[in-house]
Amino acid sequence: MASKVPLVKLNNGQSIPILGLGTWGSPPGEVAQAVKDAIDIGYRHIDGAHVYQNEHEVGEGVNAKIKEGVVKREDLFITSKLWNTFHRPELVEGACRTTLKNLGLSYVDLYLIHWPMGYKEGDQLFPTDENGKTAYSDVDFVDTYKAMEKLVELGLAKSIGISNCNSKQVERILAIAKIKPVVNQIECHPYLAQTKLSPFCTSRGIVITAYSPLGSPNRPWAKPDDPQLMEDPKIVTIAKKYGKTSAQILIRYQIQRGHVVIPKSVNKSRIQSNFEVFDFELTEDDIKLITSFDCNGRLVPISSAAGHPYHPFENDEF
């Protein structure tokens, strides 16, 4: 069954479906079914990461659908990410192989450096020092990236890229890259519209993947009085105008900006509804209005790593 999701061409000639299923923070035990439902609905792009601790479930869902003959492996686009505790160049290949083992796959379509900050190597995903602060590694992400390039040569990843990198960090990687990053996966929604970083990356041949496109309503650190993007009256009004949900408007907004978008859900009807975004188009005025909500409202600031020399959001750069 061919999927009706448009493809975005990457700078290495590969293509990525513009809509994917995100799996961050999805409840354990519900991810495999969500992946199966998504593939049945027509999704061909699944976004995961080692730190989500559910890659075995993603793999279970993917492999069940391959076995059933619903899809072939080459129909799917599977993304994973190198966690911060594996930034040492000699750890990169092993970390990727662990991901592949968890997924039950022989390669990923895209492997990203999850964050530019390295954390202290070891068994803890979030290592701390004696003061309870995040414990850092002094590895430069540029050296990590060079080790990522070997994964392409080994056939473990078809494409490589970065995530949560600011413009200066993107420049540093482009300066040394033999294999250009194809994607920078960043937080992007109307409160954080990335009006500078998006064209900056695009002009350098790097595709933006937008995470938290719905305003990350389930983020564990949300406060009761935080604004809820999907309940924003202006979004609700636009949704009514098109006979669509707020989520569909927010997903469509990213698609029309040329961003790959990865909304997350484990609820089958929402996974279905998030997919129904190819039968309407927002006007330019709608896009302008939605972009005007931008208030640098970052929802995933990773403030636990404040002070890390490679923290991407510490200064005023974009």
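Which helix gives the most to the lining of the largest pocket? In this predicted model, that element is helix 9, with three residues. The largest pocket itself has a volume of about 1100 Å³. Its lining is made up of 49 residues, and those closest to the centre are Trp24, Gly25, Ser216, Arg219 and Lys264. Two elements, helix 2 (55-67) and helix 9 (268-275), give two or more residues to this lining. Sorted by class, the lining of the largest pocket comprises 21 nonpolar, 22 polar and six charged residues.

The second largest pocket has a volume of about 390 Å³. Lining this pocket are 21 residues, and Gln194, Asn296, Arg298, Glu317 and Phe318 lie nearest its centre. The classes here are nine nonpolar, six polar and six charged residues.

Enclosed space was examined as well. The structure holds one cavity of 30 Å³ or more. The space in the largest cavity comes to about 40 Å³. Its lining consists of Tyr191, Gly215, Pro217, Arg219, Pro227, Gln228, Leu229 and Leu299. Five of these residues are nonpolar, two are polar and one is charged. Arg219 belongs to the lining of the largest cavity and is also among the residues closest to the centre of the largest pocket.

Charged side chains were considered next. Side chains of opposite charge can pair when their charged atoms come close. The count for this structure is 14 salt bridges. One of them joins Lys65 and Glu68, whose closest N and O atoms are 2.9 Å apart. The two partners fall into opposite accessibility classes: Lys65 is buried, with a relative accessible area of 5%, whereas Glu68 is exposed, with a relative accessible area of 52%.

A second salt bridge is formed by Asp138 and Arg88, with 3.6 Å between the closest N and O atoms. Asp138 lies in the loop between strand 6 (108-113) and helix 4 (141-153), and Arg88 in the loop between strand 5 (77-82) and helix 3 (89-103), so this pair ties together parts that are 50 residues apart in sequence. Asp138 counts as exposed, at 67% relative accessibility, while Arg88 counts as partly exposed, at 28%.

A further salt bridge is found within a helix. The side chains of Lys146 and Asp143 meet with an N to O distance of 3.7 Å. Both residues lie in helix 4, where they are three residues apart, about one turn of the helix. Lys146 is partly exposed, with a relative accessible area of 38%, and Asp143 also counts as partly exposed, at 33% relative accessibility. Salt bridges with shared partners also join Asp40, Lys65 and Glu68 into one network.

Helix 8, which spans residues 246-256, is mostly covered, with ten of its eleven residues buried. The buried residues are Ser246, Ala247, Gln248, Ile249, Leu250, Ile251, Arg252, Tyr253, Gln254 and Ile255. Against which elements do the buried residues of helix 8 pack? They pack against two strands, strand 9 (207-211) and strand 10 (260-261), and against helix 7 (233-242), helix 9 and helix 10 (284-291). Helix 9 is thus a packing partner of helix 8 and a contributor to the lining of the largest pocket. Just after helix 8, Gly258 takes a positive phi of about 80°.

The surroundings of a single strand residue complete the description. Ser159 is found in strand 7, residues 157-163. Is Ser159 buried or exposed? At 1% relative accessibility, Ser159 counts as buried. Leaving aside residues up to four places away in sequence, Ser159 touches Leu10, Asn12, Gln14, Asp109, Leu110, Tyr111 and Val182. With one of these residues, Asn12, the side chain of Ser159 makes a side-chain polar contact of 2.9 Å. Ser159 and Leu112 are 47 residues apart along the chain, and their C-alpha atoms are separated by 8.7 Å.

Notes:
Residues are numbered from 1 along each chain as its sequence is written. This is a predicted model: local features need pLDDT of at least 70, side-chain atom pairs count only at pLDDT 80 or more; totals for chains, interfaces and linings use all residues. Side-chain values use heavy atoms; hydrogens and water are left out. On a 1 Å grid over the protein atoms alone, a cavity is a set of points where a 1.4 Å probe fits but cannot get out, and a pocket is an open set with protein on both sides within 12 Å along at least five of seven lines; lining residues have an atom within 4 Å of a point. Grid points are joined across faces, edges and corners, and a volume is the space filled by probe spheres set on the points. Helices (H or I, at least four residues) and strands (E, at least two) are DSSP runs, numbered from the N terminus. Ala, Val, Leu, Ile, Met, Phe, Trp, Tyr, Cys and Pro count as nonpolar, Asp, Glu, Lys and Arg as charged, and the others, Gly among them, as polar. A salt bridge is a side-chain nitrogen of Lys or Arg within 4 Å of a carboxyl oxygen of Asp or Glu. Buried means under 20% relative accessible area, exposed over 50%, partly exposed in between (1.4 Å probe, protein chains only). Contact means heavy atoms within 4.5 Å. A polar contact is a pair of N or O atoms within 3.5 Å; within protein, one must be able to donate a hydrogen and the other to accept it, and residues adjacent in sequence count only if both atoms are side-chain atoms.
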